[in-house]
Amino acid sequence: MNESERHTQVWNHFLGIVEQIIEPQKFKTWFLPVRPVSLVNSTLTVEVPSDFFREYLETFYLDVIKKTLKRVIGADARLLYKVRVVRSQPLMTVPAASASAPVNPEVSISTPPSGNPGPMVWPGLPRKLRINPRLNPVYCFANYIVGECNKLGHTMGTAIASNPGKTSFNPLFIFGGPGLGKTHLAQAIGIAANEKFPEKVVLYVTGHEFKSQFVNAVMVQNKLNDFLAYYKKIDVLIVDDIQDMQGEGTQKAFFSIFNYLHQSGKQLVFTSDRPPVELQNFEDRLLSRFKWGLSVELLHPDYATRLNMLEALCRREGVEMGREVLEFIATRVKTNFRELEGAFLSVMAYATAMHQENSVELAARVVEKIVSSPGRELSIAGVQRVVCEYFNISSEELVSKSRKRQILQARQISMYLCRSLISNCSLSTIGAETGGKDHATVLHSCNIVSDMMATDRVFKKYVTDLEAMLMPAEL
């Protein structure tokens, strides 16, 4: 048998057996689109249309696939998948559920023969170390949907990736609500920098992980010098959700790392759910450094951007979905990219499992279980209206500069409720709609309400009563 044709013949033999086992329609849907790529020893590599396609095969037909492959190839049979993530990307080999991540170069370690360890010495560590960048290859620029909501972030991100540490955007501070693509953009910068500068060491870490590593290094292993030296080897440091980096000791260590990397011309990229000015419980000297470079806000995607993302998801998942269905989802799901992708995948999975056509009617049934009805979405104006009714004051009094106790308390409580009950609502936005107050005033008011609730039962009842009125209310 010709070696170049062997994988095709083996796959055809495999299909002939599977066709006798499962239903014809399911065989046509889930096995005929698969294409054999190669057969090396006992490892058969096949190409599938999407990662969703691969997951479905492994979920519902894994037993059939394993038994049939062993029958056709032998006891050592092994199957590898190639998934085309998007049409602009090369094939990605997926032996299990994840793809190969970018790789950093080895870092050389030098340990002096005697004396006190210097700042770049890692006692007890191997002389060479390869740091895992912890980057997900799916979060690349090729998969990043650009719109008016994130155009500035994308432009600055690509500029940084082309010249890390050498631009004025250092650090780059990316902020915005959940699901708006902060992690994707930050990792895309790291991936692009890794591809263009393979000699540079890139690392992605969350604020919570950094804190845990610090505590472990100090409290458990007593290796603070190792911890600091490790991070000072990084050329592009990405810290996701930096608002979680709480603790005096943690921030002191990070301050040292920040200064060293910045002064050494290394690139720093941070993400947060709020701008630097609204971060709480951070040292002033650290906050000032967050503002050194460029702060970029990611906004809610507009309709055109949401539709573009859904079309990209169709290409990525290798499925067809009618234009009217995509338009319906894009119109109905407005909050963020994460909910948009969740709605898309839910519609696709439901249609596949129930053997139904993708339709607007099906999408409506699925999406209504994911997205709250428009009448139940809280707004600043809606919160203010309920607060005014509760305290029997006018909306003009609420947003005025009056310092009367009842009006002042109502104003502070309304700002507190807006911040705690309305997702992705910044302090600046709340202040602007409360008589033009600045963010510092809003933050001060929220802190006062929190303190009063802890010490004043009557005041706490005001807040809890209003929360109960607002949560089910149709505003």
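How many salt bridges does the structure hold? Before I answer, please keep in mind that what we are looking at is a predicted model. The structure holds ten salt bridges, and I would like to walk you through some of them this morning. As general background, side chains that carry opposite charge can pair when their charged atoms come close.

Let me begin with helix H4, which covers residues 62-72. Here the side chains of aspartate 63 and lysine 67 meet in a salt bridge, with 3.2 Å from N to O, and because these two residues are four apart in the helix, about one helical turn separates them. As for their surroundings, aspartate 63 is partly exposed, at 48% relative accessibility, whereas lysine 67, at 55%, counts as exposed.

The next pair is aspartate 273 and arginine 274, which form a salt bridge whose closest N and O atoms are 2.7 Å apart. Aspartate 273 is partly exposed, with a relative accessibility of 35%, and arginine 274 is partly exposed too, its relative accessible area being 23%.

Further along the chain we come to helix H20, residues 457-470, where lysine 461 and aspartate 465 sit four residues apart, about one turn of the helix. These two residues form a salt bridge, and their closest N and O atoms lie 2.8 Å from each other. Aspartate 465 counts as partly exposed, with 23% relative accessibility.

Finally, there is a group to look at on the screen: Glu311, Arg323 and Glu327 are joined into one network by salt bridges that share partners.

Technical notes: Residues are numbered from 1 along each chain as its sequence is written. This is a predicted model: local features need pLDDT of at least 70, side-chain atom pairs count only at pLDDT 80 or more; totals for chains, interfaces and linings use all residues. Side-chain values use heavy atoms; hydrogens and water are left out. A salt bridge is a side-chain nitrogen of Lys or Arg within 4 Å of a carboxyl oxygen of Asp or Glu. Buried means under 20% relative accessible area, exposed over 50%, partly exposed in between (1.4 Å probe, protein chains only).
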